[in-house]
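Welcome! Take a moment to look over the sequence and turn the model around before reading on.

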Amino acid sequence: MNQDQNQQNDSQPESGSQAKRNPIERVIVWGAILILLVILVIEYRAKQRYDASISALQKVANGLRDVSIDEARGLLVGFSQQEGPQPNAAGLNTYHYRWFSLFKGDSYQLTLVENEDHTLKSFDGPAFAEDPDVLARKLKEANSDDVDSTPPLIGNARPQDQAEKKSVSDDYLN
């Protein structure tokens, strides 16, 4: 009977030890972790290099001096695609740069515009665009024929000229 109990104890795993995982399951789990890490590194590098390029351009293009287009192009870090020079609608050369990203491919783009004297005129990208609703409102205001429009009133506010008249009449009554 003692042997039977020993055989039963050997066949049952101890409660404190973990059961070994299937090797295929381990490969799948570690493969998924590795894929997620690769995606994370790709996205991080694209964002960091794009931000570093924008920051460097903003530092030198602060309006204190003219920046040559070659100097501006030299400040761009780690881009994956470059196009240009290509003339734009105004006849100025443009250079387009992209940073590779799996999820935000269209967000990490930058366009440099060159003046006739080979200096940086401007740089722009999708990240600099304003909200479409804000742009539509600005366009509507710019195209408005009503030059002397009054701003909308909030709450119990009165237009400034009426408020001044009321305060002047209040001063005479007191």
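What share of the contacts in the chain with a separation of 6 or more comes from residues 24 or more positions apart? Such residues account for 37% of those contacts. Please keep in mind that this is a predicted model. Here is a friendly tour, starting with the whole chain and moving on to its parts.

**The chain as a whole**

- The chain holds five helices and four strands.
- Read from the N terminus, the elements follow the order α-α-α-β-β-β-β-α-α.
- The chain has 174 residues, and 17% of them are buried.
- About 14,100 Å² of the chain is exposed, with carbon and sulfur atoms supplying 53% of that area.

**Helix H2 from end to end**

- Helix H2 covers residues 23-60, which makes 38 residues.
- At 1.5 Å a residue, helix H2 should span 56 Å, and its end C-alpha atoms lie 55 Å apart, so the two values agree.
- The buried residues of H2 are Glu43, Ala46, Tyr50, Ser53, Ile54, Ala56, Leu57 and Val60.
- The cover over these buried residues includes helix H3 (69-74), along with strands S3 (109-114) and S4 (120-124).

**Exposed residues and a nonpolar patch**

- On the surface, Val29, Trp30, Ile33, Leu37 and Leu40 form a nonpolar patch, and together they have about 500 Å² of accessible area.
- One member of the patch, Leu40, belongs to helix H2. Leu40 counts as exposed because its relative accessibility is 55%, and the cut-off for exposed is over 50%.
- Tyr44 is another residue of helix H2, and Tyr44 is exposed too, with a relative accessible area of 53%.

**Ser101 and its surroundings**

- Ser101 sits in the loop between strand S2 (93-98) and S3.
- Is Ser101 buried or exposed? Its relative accessible area is 7%, and buried means under 20%, so Ser101 is buried.
- Leaving aside residues up to four places away in sequence, Ser101 touches Glu43, Ala46 and Tyr108. Glu43 and Ala46 are also among the buried residues of H2.
- The side chain of Ser101 also reaches the backbone nitrogen of Lys104, at 3.0 Å.
- Tyr44 and Ser101 are 57 residues apart along the chain, while their C-alpha atoms are separated by 8.9 Å.

**Salt bridges**

- How many salt bridges does a search of the whole structure find? The search finds two.
- One salt bridge joins the side chains of Arg21 and Glu25, with an N to O distance of 3.4 Å. Arg21 counts as exposed at 53% relative accessibility, whereas Glu25 counts as partly exposed at 37%.
- Another salt bridge joins the side chains of Asp51 and Lys47, at 2.9 Å from N to O. Asp51 and Lys47 are four residues apart in helix H2, so about one helical turn separates them.
- Asp51 is partly exposed, with a relative accessible area of 32%, and Lys47 is partly exposed at 36% relative accessibility.

Key:
Residues are numbered from 1 along each chain as its sequence is written. This is a predicted model: local features need pLDDT of at least 70, side-chain atom pairs count only at pLDDT 80 or more; totals for chains, interfaces and linings use all residues. Side-chain values use heavy atoms; hydrogens and water are left out. Helices (H or I, at least four residues) and strands (E, at least two) are DSSP runs, numbered from the N terminus. The expected span of a helix is 1.5 Å times one less than its number of residues. Buried means under 20% relative accessible area, exposed over 50%, partly exposed in between (1.4 Å probe, protein chains only). Contact means heavy atoms within 4.5 Å. A polar contact is a pair of N or O atoms within 3.5 Å; within protein, one must be able to donate a hydrogen and the other to accept it, and residues adjacent in sequence count only if both atoms are side-chain atoms. Patches are made of residues with over 30% relative accessible area and no salt bridge: like charges are joined within 9 Å, nonpolar side chains (Val, Leu, Ile, Met, Phe, Trp, Tyr) within 5 Å. Accessible areas come from the Shrake-Rupley method with a 1.4 Å probe; for residues, only the protein chains shown count as cover. A salt bridge is a side-chain nitrogen of Lys or Arg within 4 Å of a carboxyl oxygen of Asp or Glu.
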